[in-house]
Amino acid sequence: NARVRPRPHPCPLRRFKMAVMAVRSGATAARGTHKAARAPQRQARRVAARAAAAAEDVDTSALECFGVFCHQLSDEEETPKTWKKTIRVAVSGAAGQISNHLLFMLASGEVFGAEQPIALQLLGSVRSAEALEGVAMELEDSLYPLLREVKVGIDPRQVFEDADWALLIGAKPRGPGMERSDLLDLNGQIFVEQGKALNDVASRDCKVVIVGNPCNTNTLICSQNAPDLPKENFHALTRLDENRAKCQMAIQSGYFYDRITNVTIWGNHSTTQVPDFVNARIAGKKASNIIGRTWLEEDFTPKIQTRGGALIKKWGRSSAASTAVSIADHIRSLVTPTPEGDWFSMAVISDGNPYPGVPDGLCFSMPCRSTGDGSYELVPAEELNMEDPWLQEKIAASVDELSKEKGCVSHLLVAPEPGATCTINEEADTWIEGEK
């Protein structure tokens, strides 16, 4: 009797994952070896899985709708008249810890508003494909009325298609013994490809928020590789640093943090960042008039710069939940009008900025305002005290660091600077612990 070959699973992405699982099952005995020794085996399994998928004629890049979200809504099903047009939000690193908090905030309406339906397009990798389905299952089980669609995939050109917002959270972490320049190059290559994908398929007004570190330089790379999208639409996240600064000022001053305003984070998301107390206000007064300047310079500033590492030492993990909250805050600051006289921090392309000492050609955190339409403007320089010597010195240090990072990734930029070289001092490690 001829043996009947089983019919392949109808979903191509599922067939690919089944191939991965089949290859992994043969390697169970090797799992007790040291992590470094297992690296070649992991690579071999990935190659074998792709070969097995190819033999099955599987499209490993297929974008897959999930569960209930695959069903077309009937003509009889009406949405409230007050609802807006559905927006598409693409999220990379969608199976990670930050996304595990953020996605549910997005789906609930907490970020874009209670009348804004949303479609989530989730980007993972071959290794995270199973976890990505688990995320989609939890979203499905949560019954969010505003969540109209969920799609998962591993090809950015499919996941980013028609995206109105792209939240780029995924990035490669720094491994043992890895030089900063090597990680800059490795992550830079990821953001080259994602920038090109956004340029090809995303909405022409897509807003791009980059969280994967080193986020400032990754944003510069991504924006240059998406020349057809407005460069002002590319932002790097420094809102978590601003939130941390407000909290520490509140603790020291005795005021609740909703009385802390006009806080700026200048520069890089690293330990050279500048939490600006010079222009900050507490209950409408200059922060330095309420809190002694000595504490602000000697205690407050290094505490904000190293807060991420301190949290890891306490809890044993990075700040995933508060990072997710700060991403939500970042987006809300762009889709709701800024309170009069206040501003918020985010790192944006510095071309044409009004601030002395901040050159063009970097992604630099600066004070911004929004009318609530998703765009922003920089706070006029005349509203700020930029003459403070301490502030000038600290901003210059962050400019120097970002300029050196830019030199290390010049080959990844569409418009590299002639004669650029990589001059990072590996011994002076200024990247935030746990975010390396």
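**Helix α10, its surroundings and the ten-stranded sheet**

Helix α10 bends by about 30° at D299, a kink placed shortly before the proline P302. This description refers to a predicted model. The helix covers residues 293-305. Its 13 residues should span 18 Å at 1.5 Å a residue, and the end C-alpha atoms lie 17 Å apart, so the expected and computed lengths agree.

Several residues of α10 are buried, namely W295, L296, F300, T301, I304 and Q305. The buried residues of this helix pack against α8 (239-253), β10 (274-276), α9 (287-290), α11 (307-315) and α13 (389-408). The contact with α8 can be followed at the level of a single residue, Q248, which is located in that helix. Q248 has a relative accessible area of 7% and therefore counts as buried, the limit being under 20%. With neighbours within four places in sequence left aside, Q248 is in contact with W295, F300, K303, I304 and R307. Among these partners, W295, F300 and I304 belong to the buried residues of α10.

The segment after α13 contains T423. In contrast to the buried Q248, T423 is partly exposed, with a relative accessible area of 43%. T423 touches K404 and C408, when residues up to four places away in sequence are not counted. Between T423 and G407 the separation is 16 residues in sequence, and their C-alpha atoms are 7.3 Å apart in space.

The chain as a whole has 13 helices and 15 strands. Ten of the strands form an open sheet with mixed pairing, in the order β1-β4-β3-β2-β5-β6-β7-β13-β14-β15. The edges are occupied by β1 (64-65) and β15 (377-378); each has a single partner strand, so one side of each is left without a neighbour in the sheet. Helix α7 (residues 215-224) packs on this sheet, where it touches β5 (165-168), β6, β7, β13 (344-349) and β14 (363-369). The direction of α7 makes about 170° with that of β7.

Strands of a sheet pair through backbone hydrogen bonds, in either a parallel or an antiparallel arrangement. Both arrangements are found here, as the pairing is mixed. Strands β6 (residues 207-210) and β7 (residues 234-236) run parallel and are joined by three bridges. Within this pair, V208 has F234 of β7 as its bridge partner.

Further along the sheet, β13 and β14 pair in the antiparallel sense over six bridges. V348 stands opposite F364 of β14. Strand β14 is also joined to β15 by two bridges, and these two strands run antiparallel. In that pairing, C368 stands opposite L378 of β15. Seven of the seven residues of β14 are buried, so this strand is largely enclosed by the rest of the structure.

Over the whole chain, buried residues make up 49% of the 436 residues. Of the contacts with a separation of 6 or more, 74% are between residues 24 or more positions apart. The chain exposes about 20500 Å², and carbon and sulfur atoms supply 51% of this area.

Conventions
Residues numbered from 1 in each chain as written. Predicted model: local features only at pLDDT ≥ 70, side-chain atom pairs only at ≥ 80, totals over all residues. Heavy atoms only, no water. Pairing = 2+ DSSP bridges. Helix = DSSP H or I, 4+ residues; strand = E, 2+ residues; numbered from the N terminus. Contact = heavy atoms within 4.5 Å. Axes fitted to C-alpha atoms, helices over the stretch in contact; angles between N-to-C directions. Buried < 20%, exposed > 50% of the residue type's maximum accessible area, 1.4 Å probe, protein only. Areas by Shrake-Rupley, 256 points an atom, 1.4 Å probe, with all protein chains shown as cover. Expected span 1.5 Å × (residues − 1). Bend = angle between axes of the 7 residues up to and from the residue.
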